[in-house]
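Let's take a walk through this model together, starting with one idea about accessibility and then moving from the whole chain to two individual residues.

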Amino acid sequence: MLESYRNTSTGWVSPASVWEPWDIPVHSWEQFLEQTRALTETHGYRDMLWRGSGNADWALFSSLYRTLLDASPTRTPPTEDQMVAAEVETLRLAREDWRFDDMPALELLARLQHFGAPTRLVDVSENPLVALWFAVERALNTADADARVFAFAKPATRITLNSVWGGRTLRWHELTNDASRLIRRWGTGSLKYWRPPAYDSRISSQNAGFIVDGAPFAFDGDRQLRSARGRSMPWSTEDLRHTSSLPLRLSHIARDPISQYSAPVFTFRIARDAKAEIRQKLEANFGYRASTLYSDMVGLSDYLTRHIGSGATLE
């Protein structure tokens, strides 16, 4: 798949190239509990947000970012201008053609995300066990792969549907160039968090929220480009843009206290051999399964589509 990536560094092979120096290895249920306990005790003054991925080698992309990347003939990651242009067209179609003209722009994105439309919203949970279940859930395309759980220190900026964030347009559309985005810390790693109203049952059952930020971009002195442990040179902006749609500041558990304005990210790599044990613990002890976390008709439909005829056992 190397031919799918453009303008990346020689040492960059896949998103795992970036994640690996920061990995917190997990080989059992007990080890995950120990590591999360160490994280929360070390940084207990900061709440965490969690996201699970069934394959540890996958990039961390919003659905809109991935859609635009896949649509590019040269596999070039989208710029912030391209992300905004897609959102402007999405809002226009939703309001003018589909007549969904009675809700704030952010609510429109949240509802579209629920039904699978591409948006820049990145799903997270305030519950680490929910994220862990998503990492180890049964899926044919990830059964033989290590999994990953991300922990985001909850950003200082909280989005609410007030007069600033709850309008008919998206607030970041006011930022028309990288200079203005830099001033407002948009696309620089100062992530924003939105805990939305319970528009559907899945938001409540997953204790879900959304992380929002601009597409990563580079500027002089950009701390996004700092070296990871064990590397003599930092990753390039293109490496990072092929790794995440969010401008991440990866970190280790053992470090000095974090500034309230920093939004560091920690990453746990779950060994494939530990998935079955962890899944059994989550299902038997905590009741986490597809029917409780995808607790709506869309979830049932998607589950049946994936499993009927696949040879997998239905839960």
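A residue is called buried when its relative accessible area is under 20%, exposed when it is over 50%, and partly exposed in between. Keep in mind as you look around that this is a predicted model.

With those cut-offs in hand, turn to Leu304, which sits in helix H12, spanning residues 297-307. Its relative accessibility is 32%, so Leu304 counts as partly exposed. Leu304 also has company at the surface: together with Met297, Leu300 and Ile308 it makes up a nonpolar patch. The accessible area of these four residues adds up to about 410 Å².

Now step back to the protein as a whole. Its 315 residues include 51% that are buried, and its fold has 12 helices and nine strands. How much area does the protein expose? The figure is about 15100 Å², with carbon and sulfur atoms supplying 52% of it. The contact pattern is worth a look too: of the contacts between residues at least 6 apart in sequence, 76% link residues at least 24 apart.

For a buried example, go to Ser17 in helix H1, which covers residues 15-19. Ser17 has a relative accessibility of 17% and therefore counts as buried. What does the side chain of Ser17 reach? It comes to 2.9 Å from the backbone nitrogen of Val13. Setting aside neighbours within four places in sequence, Ser17 is also in contact with Gly11, Trp12 and Trp235.

Notes:
Residues numbered from 1 in each chain as written. Predicted model: local features only at pLDDT ≥ 70, side-chain atom pairs only at ≥ 80, totals over all residues. Heavy atoms only, no water. Patch = residues over 30% accessible without salt bridge, like charges linked within 9 Å, V, L, I, M, F, W, Y side chains within 5 Å. Areas by Shrake-Rupley, 256 points an atom, 1.4 Å probe, with all protein chains shown as cover. Salt bridge = Lys/Arg side-chain N within 4 Å of Asp/Glu carboxyl O. Helix = DSSP H or I, 4+ residues; strand = E, 2+ residues; numbered from the N terminus. Buried < 20%, exposed > 50% of the residue type's maximum accessible area, 1.4 Å probe, protein only. Polar contact = N/O pair within 3.5 Å; in protein donor to acceptor, adjacent residues only side chain to side chain. Contact = heavy atoms within 4.5 Å.
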